[in-house]
Amino acid sequence: MIRGLIFDLDGVIVDTAKYHFIAWKKIAESLKIPFGETENEKLKGVSRIDSLNKILNWGGIELSKKEKEYWLDIKNSFYLKCISKISPSELLPGISKLIEDSKQSGFKIALGSASKNAILILEKVNLINSFDEIVDGTIVSLSKPSPEVFLRGAKLLKLLPEQCLVFEDAQSGVFAAKNAGMKCIAVGNTVNLEGADVVVESLKEISDIKSFISEYIIEE
Ligand code: BG6
Ligand code: MG
């Protein structure tokens with residue numbers, strides 16, 4: 001029986017995935033490493049440091065710890081500039097209604113994000129008080145597809161993994177949910193999201209979370 005819902009942040013709740021893309025592209029280009037949509041897809045859900053390591057690896061470049069810190073700072077400063085003016089208008093379609101409906105239907109809800117900027121973003125989009133629990137990049141040490149972020153979420157919600165349903169937009173996140181033994185609704189492009197229990201193009205498709213779960217999710 002599903003009793004808890006765990007939401008990824010970037011690309012599920014708020015339209016920030018595009019800013020991560022722009023920021024990483026800028027860094028990759030400065031390092032003369034080719035970077036496009038295909039590479040970006042592989043960074044979704046991945047922590048800041050692991051993302052830089054992947055980019056460097058693609059470019060066959062080795063950097064010292066100090067040099068890496070330099071690029072991580074540049075990336076994050078640029079990203080912070082991009083999100084400095086975000087407001088509830090950048091919430092993705094259907095998310096506000098889904099969160100409201102989930103709470104009214106008695107589900108416990110948690111955030112499960114790799115981002116160290118999660119709290120800041122939730123404040124900016126007025127959702128900081130909407131979650132029962134928040135697990136973000138300041139707490140977890142392993143990047144998705146490790147199940148750590150979602151297992152911690154379930155634990156804080158005092159639920160078993162099989163009682164949790166994850167919303168994800170990234171392939172690494174879908175794998176993380178499955179590795180955690182949870183059900184997963186993938187949001188976005190069907191071709192990129194292997195292994196999800198259901199894929200929706202937009203959360204707008206979920207007008208009633210209880211009926212959606214009973215129709216599309218096989219509960220244990
Ligand atoms: C994830 C994003 O949510 O957070 C990744 O999908 C990002 O693209 C990661 O790299 C870490 O984010 P931040 O804000 O800590 O740099
Ligand atoms: Mg995401």
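**Exercise 1. Domains and their interface**

Task: State how the chain of this predicted model is divided into domain 1 and domain 2, and describe the area the two domains bury between them.

Solution:
- Step 1. Domain 1 covers 4-14 + 88-216, and domain 2 covers 17-83. The model is predicted.
- Step 2. Place the domains. Their C-alpha centres are 24 Å apart.
- Step 3. Look at the contacts. Domain 1 contributes 15 residues, which touch 15 residues of domain 2.
- Step 4. Turn to area. The size of an interface is often given as the accessible area lost when the parts come together. Here domain 1 and domain 2 bury about 1100 Å² between them. Carbon and sulfur atoms account for 45% of that.
- Step 5. Find the main contributors on domain 1. E90, N117 and S143 supply 33% of the area that domain 1 buries against domain 2. No other three residues supply more.

**Exercise 2. Polar links across the interface**

Task: How many salt bridges and how many residue pairs in polar contact cross the interface of domain 1 and domain 2?

Solution:
- Step 1. Count the salt bridges. One crosses the interface.
- Step 2. Check the E90 and K18 side chains. They form a salt bridge, with N to O at 3.6 Å. The cut-off is 4 Å, so the pair qualifies.
- Step 3. Assign the partners. K18 falls within the bounds of domain 2, and E90 within those of domain 1.
- Step 4. Count polar contacts. Seven residue pairs make them across the interface.
- Step 5. Ask which element supplies the largest share of domain 1's side. Helix α6 (residues 118-124) does, with three residues.
- Step 6. Sort the residues on that side of domain 1. Four are nonpolar, five polar and six charged.

**Exercise 3. The magnesium site**

Task: Which residues coordinate the magnesium ion (ligand 2), and through which atoms?

Solution:
- Step 1. List the donors. D8 and D169 each use OD, while D10 uses O. Distances run from 2.0 to 2.1 Å.
- Step 2. Read the spacing along the chain. The donors follow D-x1-D-x158-D.
- Step 3. Locate D10 and D169. D10 sits in the loop between β1 (4-7) and α1 (17-30). D169 sits in the loop between β4 (164-168) and α8 (171-179). The two are 159 residues apart, so the pair links distant parts of the chain.

**Exercise 4. D8, K144 and the backbone**

Task: What is the partner of D8 in a salt bridge, and which backbone features occur at P145 and N126?

Solution:
- Step 1. The structure holds nine salt bridges. In one of them D8 pairs with K144, closest N and O atoms 3.0 Å apart.
- Step 2. D8 is in the loop between β1 and α1, and K144 in the loop between β3 (133-135) and α7 (148-156), so the pair ties together parts 136 residues apart in sequence.
- Step 3. Move to the backbone. Most residues other than glycine have a negative phi, and most peptide bonds are trans.
- Step 4. K144 and P145 are joined by a cis peptide bond, with omega about 15°. P145 lies in the loop between β3 and α7.
- Step 5. N126 is not a glycine, yet its phi is positive, about 60°. N126 lies in the loop between α6 and β3.

Methods:
Residues are numbered from 1 along each chain as its sequence is written. Chains are lettered from A and ligands numbered from 1 in the order in which they are written. This is a predicted model: local features need pLDDT of at least 70, side-chain atom pairs count only at pLDDT 80 or more; totals for chains, interfaces and linings use all residues. Side-chain values use heavy atoms; hydrogens and water are left out. Domain bounds come from an automatic or database domain assignment. Contact means heavy atoms within 4.5 Å. Buried area is the accessible area (1.4 Å probe) that two parts lose on being put together, summed over both. A polar contact is a pair of N or O atoms within 3.5 Å; within protein, one must be able to donate a hydrogen and the other to accept it, and residues adjacent in sequence count only if both atoms are side-chain atoms. Helices (H or I, at least four residues) and strands (E, at least two) are DSSP runs, numbered from the N terminus. Ala, Val, Leu, Ile, Met, Phe, Trp, Tyr, Cys and Pro count as nonpolar, Asp, Glu, Lys and Arg as charged, and the others, Gly among them, as polar. Donors are N, O and S atoms within 2.8 Å of the metal (3.2 Å for Na, K and Ca); water is not among the atoms, so sites may look incomplete.
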